[in-house]
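Thanks for making time for this. I have one structure to go through, and I will keep to what can be computed from the coordinates.

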Amino acid sequence: MPDQQTAADAAQSTLSAADMVNQGASAALAGGGGEPWYALGPLIDKGGPIVSLLLVLSVISAAVILMKLFQFWTAGLSKKSFVDPAVDRIEAGDLEGSLRIINKNKTPLARAMAAGVRAKIRGDLRDEDVASEIARVGAVELGSLQSYFRWLEIIGNVSPLLGLLGTVIGMIQAFQKLEAGGSKVDPALLSGGIWTALLTTAVGLVVALPAITALNLFEGKVDQVRLAMRDASARVLAGLHARPGASSSKAAQ
């Protein structure tokens, strides 16, 4: 019986210790309050105006990312199947047929190609003029795809610096409170001030990472479109040289 009583007491003590550990972990995760540190209320309350500014930047970043995703998706940037049939019609001398094929596709690449073919239909222009027209329309299309990229770049660069600034300010305030305490220093006061200060850095990094990642992915897609436009421009010019009557037209010039 004494052994059973001792075992029961040991089990009860173990359960009590486990409960205390769980309660301590929950309190640490909650930042000393009833809510976790990443909840919106504690973020704004403990992070101050810098975290509020970072939250505004995160909303702007999310809005720009969603808008660009919708734009890229509706623009059909991956559609290139019309290029080969259109170039074949150009080589056959059927510029009107090529233009009809191109106009069925409402993509930036199609609009750039259509500008070159349309310019050739309007008059027997030089190759340089046709290439210039394709480059002009292509630059406009690429500029539209790159719109608002500067916002993502600014948010990605500024957010970590704002977070670091908030951390430095928080550390200064924590050590000021520590100094004011004199000889009666409470370690909890210092540790609480440090984690509150580091909170702004964490928020800054969380805001910056999606913005920088999305910007790099978007720029990579725009680079692919730019290369496709250069390739299409070269193929259109080569097709114009290969079409029937091109040699006699150049000889007449």
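I will start with confidence, then take the aromatic residues, and finish with one arginine.

This is a predicted model. The mean pLDDT of the protein is 79, and 72% of the residues are at 70 or more. Two stretches should be set aside at the start. Residues 1-33 have pLDDT below 50, and beyond near neighbours in sequence that stretch has nine contacts in the model. Residues 248-253 are also below 50, with three contacts counted in that way. Where pLDDT is low, the coordinates should not be read in detail, so I will say nothing further about those two segments.

Next, the aromatics. How many aromatic pairs does a search of the whole structure find? The search finds three. A pair of rings is described by the distance of the centres and the angle of the planes. For F70 and W73, the centres are 6.5 Å apart and the planes are at 50°. The pair counts as tilted because that angle falls between the cut-offs of 30 and 60 degrees. Both residues sit in helix 2, which covers residues 40-75. They are three residues apart, about one turn of the helix.

Are F70 and W73 buried or exposed? F70 has a relative accessible area of 53%, so F70 is exposed. W73 is at 67% and is therefore exposed as well; the cut-off for exposed is over 50%.

There is also an aromatic cluster, formed by F72, F149 and F218.

On the surface, M67, Y148 and W151 make a nonpolar patch of about 320 Å². Of these, Y148 lies in the loop between helix 6, residues 127-145, and helix 7, residues 149-180. Its relative accessible area is 44%, so Y148 counts as partly exposed.

The last item is R89, in helix 3, which spans residues 83-91. R89 has a relative accessibility of 33% and so is partly exposed. Which residues does R89 touch, leaving out those up to four places away in sequence? They are D94, G97, S98 and I101. As for G239, it is 150 residues from R89 along the chain, and the two C-alpha atoms are separated by 8.5 Å.

To recap, the points to keep are the tilted pair of F70 and W73, the patch of M67, Y148 and W151, and the contacts of R89. That is everything I have.

Terms used. Residues are numbered from 1 along each chain as its sequence is written. This is a predicted model: local features need pLDDT of at least 70, side-chain atom pairs count only at pLDDT 80 or more; totals for chains, interfaces and linings use all residues. Side-chain values use heavy atoms; hydrogens and water are left out. pLDDT is the predictor's confidence in each residue, from 0 to 100. Contact means heavy atoms within 4.5 Å. Patches are made of residues with over 30% relative accessible area and no salt bridge: like charges are joined within 9 Å, nonpolar side chains (Val, Leu, Ile, Met, Phe, Trp, Tyr) within 5 Å. Accessible areas come from the Shrake-Rupley method with a 1.4 Å probe; for residues, only the protein chains shown count as cover. A salt bridge is a side-chain nitrogen of Lys or Arg within 4 Å of a carboxyl oxygen of Asp or Glu. Helices (H or I, at least four residues) and strands (E, at least two) are DSSP runs, numbered from the N terminus. Buried means under 20% relative accessible area, exposed over 50%, partly exposed in between (1.4 Å probe, protein chains only). Rings of Phe, Tyr and Trp (its six-membered ring) pair if their centres lie within 6.5 Å; planes under 30 degrees apart count as stacked, over 60 as edge-to-face and the rest as tilted.
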